[in-house]
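Welcome! Let us take a walk through this structure together, one region at a time.

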Amino acid sequence: MTTNLPPMSGGQLVVAALQAHGVRMAFSVAGESYLEVLDALFDAPEIRLVTCRQEGGAAFMAEAYGKLTGTPGVLLVTRGPGACNASVGVHTAFQDSTPMVVLVGQVARHQIDREAFQEVDFRKMYAPLAKWVTQIDLAERIPELLNQAFQVASSGRPGPVVVALPEDMLRDRRAAATIGPYRAVHAHPGAADLAELRRIVAAAERPIMLVGGGGWSDAACADIARFAAANDLPVCCSFRRQDIVDNRLACFVGDLGTGAAPTLVERFKAADLVLAVGARIGEITSQSYTLLGVPDPGKVLIHVHPAAEELGRVFRPDLAIQSGMAEFAAAAAALEPIAAPRWQAWRAAARAEYEAGLAPSRFEPAPALDLGRIMTWLREQLPDDAIVTSDAGNFSGWPNRFLQYRRPGRQLGPTSGAMGYGVPAAVAAKLVHPERIVVGFCGDGGFMMTGQEMMTALAEGVGPVILVFNNAMYGTIRMHQERRFPGRVVGTALKNPDFAALAAAYGAFGASVSRTEEFAPAFAAAIASRRAAIIELRIDPDIITTRTTLSALRRQAEAARAS
Ligand SMILES: Cc1ncc(C[n+]2csc(CCOP(=O)(O)OP(=O)(O)O)c2C)c(N)n1
Ligand SMILES: [Mg+2]
């Protein structure tokens, strides 16, 4: 019913739609292409508009918001340059199955296809990066298309939706009824599927469950842990999804990330049944498609995923169940447990291997800054609801291997492997949960990609603690160099600023530690400062993973060449 409604500008209709869909926070870098939306936000103080310093940082914040809350993160950016900067966060939301709605200013409708100032065809540009891309050419269709945008972003396999807003359309005044809130739609597992699942699991000798993907509520996590415990199933998780099942539970046996424990990899290969729930079983998790045969997995595979398109992709499952995570987990928890499962020793051995892996490896000579001991200290100190964010790089092996995750605490990391994620994600997490401790893990490389968003944290008055693992290099790539081209170091050495002084320049707490015993007091002081904080860890650059050194890799590669 549009009769008797007062006409509103397109900008006002956009903001009315955000209100109708319950949006409480949005991340932006301003642009003249969407002034009408900004102006309408002036009259909507209940939507917290976070002004960021670069669209890549803003997009990572919106992605982290979506990952953390399970509701679409909202991003506002301007035409070509803004959209190009934002693309890294949109790609991350796509690969990470994170709900996100991106509003992009666009050139005026009558200028389209002239290559007007900053013009980009967003349908083409974002085609492989977003779940859906649209452009709103008629202001009266704003309620309809934004409802669809929120609906698509959050339903099935969640993902980013990009909505282009021509600037003259935003100025048009139209009467249109707002509509909302959106209702995310998720499939439920059928009774026959569940009975079949139970029958297959009961017939297994060495089952393993793999949890991953997006869309896990705290309740779904609790339900899936109950199902695992009731059936004594060992549970591993996919890359950077370590917070789905409480790592302290006897069923948890480790993560299949970039630094997966060799014992877990072997055990997974030895399993006769894989019950994959939510995980796509992507390249990293499948250890470059070596854990299962392609397309015949070579063992029984039950695959549960929210998107029909992912089932039967790469691997052909014996049983495929399309379901949302909460819907599947609740149904699985309600299944009658399998009586006296015969894999108790198998599960206990997997758990023992995981626990043994929590003991840090020894390095000779012992480093002055012992990251194993520091991670152990953090594991014991961090409260249950702490949020850990991670950038991409080899340093992330330390928190991945040695911290223990659980709900309501969270692990927010880019399964896309996008550098620059750690700081913006920590800022967003602290904005959502100002009362919780948020620790961001970054390398010196990744920190310098989006570290300017520390200023956003200061401006918004929130205090994440950022740990910068400084090895003065793009260490991950240097590791690959030493393996393939030993001794030929090129393009991977870095010169860095004085990170503690940089923190001070931002008005943040800053400290630099080079000895193990300096870490705990620095961390306590960072928390006590109640400000955004940067702690630089001057790490031994030779220690390139939690298990090995650059010199060892170089020696091995040279020996392999000589033989
Ligand atoms: C945006 C982006 N650019 C480049 C890469 C390729 N890459 C992966 S890890 C890495 C180096 C990371 O360096 P740093 O943050 O210092 O962490 P380190 O590996 O040294 O621990 C690079 C360049 C990437 N993943 N993402
Ligand atoms: Mg580095």
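The paragraphs below visit the ligand site and then a patch on the surface.

This is a predicted model, in which local features need pLDDT of at least 70, side-chain atom pairs count only at pLDDT 80 or more, and totals for chains, interfaces and linings use all residues. Residues are numbered from 1 along each chain as its sequence is written, and side-chain values use heavy atoms, with hydrogens and water left out.

Start at ligand 1, which is surrounded by 16 residues (each with a heavy atom within 4 Å of the ligand). Among the closest are Gly 417 and Thr 476. A polar side-chain atom of Asp 444 sits 2.7 Å from an oxygen atom of the ligand, and a backbone N or O atom of Gly 475 is also found 2.7 Å from a ligand oxygen atom. For Asn 394, a backbone N or O atom lies 3.0 Å from an oxygen atom of ligand 1. On its own, ligand 1 has 590 Å² of accessible area (Shrake-Rupley method, 1.4 Å probe), and the protein covers 76% of that.

Which element gives the largest share of this shell? It is H16, with four residues; helices here are DSSP runs of H or I with at least four residues, and strands are E runs of at least two, numbered from the N terminus.

Now move to Val 314, in the loop between strand S13 (300-305) and strand S14 (319-322). Val 314 has a relative accessible area of 33%, so it counts as partly exposed (between buried, under 20%, and exposed, over 50%, with a 1.4 Å probe and protein chains only).

Conventions: Chains lettered and ligands numbered in written order. Polar contact = N/O pair within 3.5 Å; in protein donor to acceptor, adjacent residues only side chain to side chain.
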